[in-house]
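This note is addressed to a colleague who is meeting the structure for the first time. The points below may be read alongside the sequence and the model.

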Amino acid sequence: MQASINPPEKVQSDYRFDMESLVGYILLTGVLLSVALLAVSFVWRWARVGNLRFEHSIVGMNFFEFISSTLRQMASRAFRPRLFLNMGIAVLMLTPFVRVLASVFYFAFVEHNWKYTLFTAFVLSVLTYSLFLR
């Protein structure tokens, strides 16, 4: 009788990075944070003025100018309902950008899938370019 000796099997980790969950959390967090900021803005506006109407225009500026003006208001501690409205809009607009940025890092450093990395980086570049448009 011959005894067969099998080599020890490789122990594989049960942990697998779940990109779908990360994307879901990014989108959920972005939308909920945006809704919370907008709600604070509208409730504060209603409490101050008695209506929810905003005279708000961002014509003539691109997204980065919009963000820099919002950050300047935050730095000067000029907290008003409009600042929270601007922050809610900014978070909502940056949510898909952060999602695509996370996908680029995932495909490049976790999956090492260069084809998807290039495709996703192209989408990221188009999104970035679109934020510079007026």
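**Note on the predicted model**

1. Overall make-up. The protein chain contains 4 helices and 0 strands. The model is a predicted one, and its elements run α-α-α-α from the N terminus on. Of the 134 residues of the protein chain, 26% count as buried. The chain exposes about 10200 Å², and carbon and sulfur atoms supply 66% of that area.

2. Contacts along the sequence. Taking contacts between residues at least 6 apart in sequence, 68% join residues at least 24 apart. One pair that is distant in sequence is F17 and V110: these are 93 residues apart along the chain, while their C-alpha atoms are 8.3 Å apart in space.

3. The segment before helix 1. F17 is placed in this segment. The residue counts as partly exposed because its relative accessibility is 32%, which lies between the limits of 20% for buried and 50% for exposed. Leaving aside neighbours within four places in sequence, F17 is in contact with L22 and Y106.

4. Helix 1. This helix covers residues 19–49, which makes 31 residues. From its first C-alpha to its last it reaches 44 Å, close to the 45 Å expected at 1.5 Å a residue. Its buried residues are M19, V23, I26, G30, S34, L37 and S41. Against which element do the buried residues of helix 1 pack? They pack against helix 3, residues 81–110.

5. The end of helix 1. G50 follows helix 1 and has a positive phi, near 100 degrees. A charged group may also be noted: the charged end of R45 sits over the ring of F54, at 5.2 Å from the ring centre.

6. The largest nonpolar core. This core has 9 residues, namely F63, F66, I67, A90, F97, V100, V104, L124 and L131. Helix 2 (63–75), helix 3 and helix 4 (114–132) are the elements that give two or more residues to this core. Helix 3 gives the most, with 4 residues. Within the core, F63 touches A90 and L131, and also touches M93, L94 and L133, not counting residues up to four places away in sequence.

7. A second core. Separate from the core just described is a second one of 6 residues, among them M19, I26, A102 and Y106. Of these, M19 and I26 are listed with the buried residues of helix 1, and Y106 is one of the residues in contact with F17.

8. A buried serine in helix 3. S103 lies in helix 3. Is S103 buried or exposed? S103 counts as buried because its relative accessibility is 4%, and the limit for buried is under 20%. Apart from neighbours within four places in sequence, S103 is in contact with M19, V23 and T120. M19 and V23 are themselves buried in helix 1.

9. Aromatic residues. How many aromatic pairs does a search of the whole structure find? The search finds 9. One of the pairs joins F107 and Y116 in an edge-to-face arrangement, 5.3 Å centre to centre and with 70 degrees between the planes. Y116 counts as partly exposed because its relative accessibility is 40%. In addition, F63, F64, F66 and F132 form one aromatic cluster; F63 and F66 from that cluster are also members of the largest nonpolar core.

10. Backbone angles in two loops. Most residues other than glycine have a negative phi. R77 has a positive phi, near 60 degrees, and is found in the loop between helix 2 and helix 3. R77 counts as exposed because its relative accessible area is 68%, where exposed means over 50%. H112 also has a positive phi, near 55 degrees, and lies in the loop between helix 3 and helix 4. H112 is partly exposed, with a relative accessible area of 49%.

Terms used:
Residues numbered from 1 in each chain as written. Predicted model: local features only at pLDDT ≥ 70, side-chain atom pairs only at ≥ 80, totals over all residues. Heavy atoms only, no water. Buried < 20%, exposed > 50% of the residue type's maximum accessible area, 1.4 Å probe, protein only. Contact = heavy atoms within 4.5 Å. Areas by Shrake-Rupley, 256 points an atom, 1.4 Å probe, with all protein chains shown as cover. Expected span 1.5 Å × (residues − 1). Phe/Tyr/Trp six-rings, centres within 6.5 Å; stacked < 30°, edge-to-face > 60°. Lys NZ or Arg CZ within 6 Å of the ring centre and 35° of its normal. Core = buried A, V, L, I, M, F, W, Y, C linked by side-chain atoms within 4.5 Å.
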